[in-house]
Amino acid sequence: MKLLFVGDIVGASGCDFFASKLYGIKKDYGIDITIVNGENSAEGNGITRQSADFLLSNGVDAITTGNHSFKRREAVGIYENDIILRPANYPDGVIGKGVCTLDFGRFSLAVINLQGVTYMDSLDNPFTCIDAILEEIDTPNIIVDFHAEASAEKKAMGHYLTGKVTAVLGTHTHVQTADEIILGSHTAYITDVGMTGPELSVLGVETEIAVEKLRFRYPVMFAESKNPCFLNGVVVDFDEKCGKARSIERIILR
């Protein structure tokens with residue numbers, strides 16, 4: 001089976017560009033399953049019901065998020081949908097789920113959303129959290145979106161889950177890394193799959209505004225860049241009978 005995972009989709013332009021390219025990607029790569037990180041898919045970042053519905057209506061099987069899961073007040077209600085995830089290591093009692101299982105008839109696929117804690121919000125320990133989750137999952141096909149800032153934390157998680165999951169795919173930093181690998185002849189790994197949105201920007205934000213913020217250190221209102229978009233993602237080919245990844249390939253479409 002072939003899985004397409006597309007990294008942090010930014011704003012309306014990123015959503016539109018993704019939708020315009022998805023059919024071609026599915027055809028060219030023989031994609032069976034599509035998962036995206038949609039935590040920045042709404043205008044002004046965060047995720048809303050409108051942006052989530054747009055992605056789902058354009059062929060997405062599940063949506064993961066991250067530290068902007070609840071950036072928008074109206075986002076709370078969207079987590080009633082089991083295939084829209086927030087990080088699993090939020091404290092008990094937080095609305096939504098961090099795990100879903102997609103049933104494709106002859107096989108199923110578990111999707112786990114985790115958030116790192118290094119240089120980020122102090123959520124529950126992601127390593128302890130995923131240990132508990134894996135005890136409850138009854139499919140060998142397991143995809144982990146590890147939404148984290150520190151590359152060391154992502155690398156550590158990749159090695160920790162080697163042989164236990166099908167893929168550990170890093171998100172959050174919006175810059176695609178060139179370290180895709182199959183760990184232990186089983187687990188596909190990449191530190192960050194990159195972003196989908198305006199390429200000539202600062203992580204999707206209008207360049208001048210982001211520079212002003214970092215240069216002068218005073219509050220500014222971010223605005224989505226109007227420059228042309230690109231799409232970053234990975235294609236993971238895996239054996240659905242045993243959950244073993246056969247290959248991982250980076251893609252960039254401009």
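**Exercise 1. Surroundings of Gln115**

Determine which residues Gln115 touches in this predicted model, leaving out residues up to four places away in sequence, and establish whether Gln115 is buried or exposed.

*Solution.* Start with the contacts: beyond the residues up to four places away in sequence, Gln115 touches Gly66, Asn67, Pro87, Asn89, Met120, Asp121, Leu123, Pro126, Phe146 and His147. Next, place the residue in the fold, where Gln115 is found in strand E5. Its relative accessible area is 0%, so Gln115 is buried, given that the term applies under 20%. Finally, look at the polar atoms of the side chain, one of which lies 3.1 Å from the backbone nitrogen of Asn67; Asn67 is also among the residues that Gln115 touches.

**Exercise 2. The buried face of helix H4**

Identify the buried residues of helix H4, decide how they are arranged when seen down the helix axis, and list the elements against which they pack.

*Solution.* The first step is to collect the buried residues of H4, which spans residues 151–160; they are Glu153, Lys154, Met157 and Gly158. Viewed down the axis of H4, these buried residues fall within an arc of 140°, and therefore they line one face of the helix. The second step is to turn to the other side of H4, where Ala152 and His159 are exposed. The third step is to ask what the buried residues pack against: the partners are strand E5 (108–115), helix H3 (126–136), strand E6 (142–147), strand E7 (167–171), strand E8 (181–183) and strand E9 (187–190). Strand E5, one of these partners, is also the strand in which Gln115 is found.

**Exercise 3. Aromatic rings**

Count the aromatic pairs whose ring centres lie within 6.5 Å, and classify the pair Phe104 and Phe107 as well as the pair Phe216 and Tyr218.

*Solution.* With this cut-off the count comes to 5 aromatic pairs. For Phe104 and Phe107, the ring centres are 5.1 Å apart and the planes stand at 20°, so this pair is stacked, since planes under 30 degrees apart count as such. The two partners can then be examined for accessibility: Phe104 has a relative accessible area of 30% and is partly exposed, whereas Phe107, with 8%, is buried. For Phe216 and Tyr218, the centres are 5.8 Å apart with the planes at 10°, so this pair is stacked. Here Phe216 is partly exposed at a relative accessible area of 43%, and Tyr218 is partly exposed at 37%. Elsewhere, ring pairs link Phe70, Tyr79 and Tyr90 into a cluster. A ring may also be placed beneath a charge, as with Tyr160, over whose ring the charged end of Lys164 sits, 4.0 Å from the ring centre.

**Exercise 4. Cysteines**

Establish how many disulfides the structure holds, and examine Cys15 and Cys129 individually.

*Solution.* A disulfide is a covalent bond between the sulfur atoms of two cysteines. The structure holds 0 disulfides. For Cys15, the nearest cysteine sulfur is that of Cys229, 9.6 Å away, and Cys15 is in no disulfide; the cut-off for such a pair is 2.5 Å. Cys15 is buried, with a relative accessible area of 4%. Cys129 is likewise in no disulfide, the nearest cysteine sulfur being that of Cys100 at 14 Å, and Cys129 is buried with a relative accessible area of 15%.

**Exercise 5. The loop between H5 and E11, and strand E11**

Decide whether Ser225 and Met221 are buried or exposed, and then describe the surroundings of Asp237.

*Solution.* Ser225 has its place in the loop between helix H5 (207–216) and strand E11 (229–239). At 1% relative accessibility, Ser225 counts as buried. Apart from neighbours within four places in sequence, Ser225 is in contact with Ser13, Pro198, Leu200, Ser201, Gly204, Val205 and Glu206. Its C-alpha atom is separated by 8.4 Å from that of Val202, although the two residues are 23 residues apart along the chain.

Met221 also belongs to the loop between H5 and E11, but counts as exposed, at 74% relative accessibility. Between the C-alpha atoms of Met221 and Ile209, which are 12 residues apart along the chain, the separation is 7.7 Å.

The last step moves to strand E11 itself, in which Asp237 is found. With a relative accessible area of 17%, Asp237 is buried, and, not counting residues up to four places away in sequence, Asp237 touches Met1, Lys2, Lys244, Ala245, Arg246 and Ser247.

Note on methods
Residues numbered from 1 in each chain as written. Predicted model: local features only at pLDDT ≥ 70, side-chain atom pairs only at ≥ 80, totals over all residues. Heavy atoms only, no water. Phe/Tyr/Trp six-rings, centres within 6.5 Å; stacked < 30°, edge-to-face > 60°. Buried < 20%, exposed > 50% of the residue type's maximum accessible area, 1.4 Å probe, protein only. Lys NZ or Arg CZ within 6 Å of the ring centre and 35° of its normal. Helix = DSSP H or I, 4+ residues; strand = E, 2+ residues; numbered from the N terminus. Arc of directions from axis to C-beta. Contact = heavy atoms within 4.5 Å. Polar contact = N/O pair within 3.5 Å; in protein donor to acceptor, adjacent residues only side chain to side chain.
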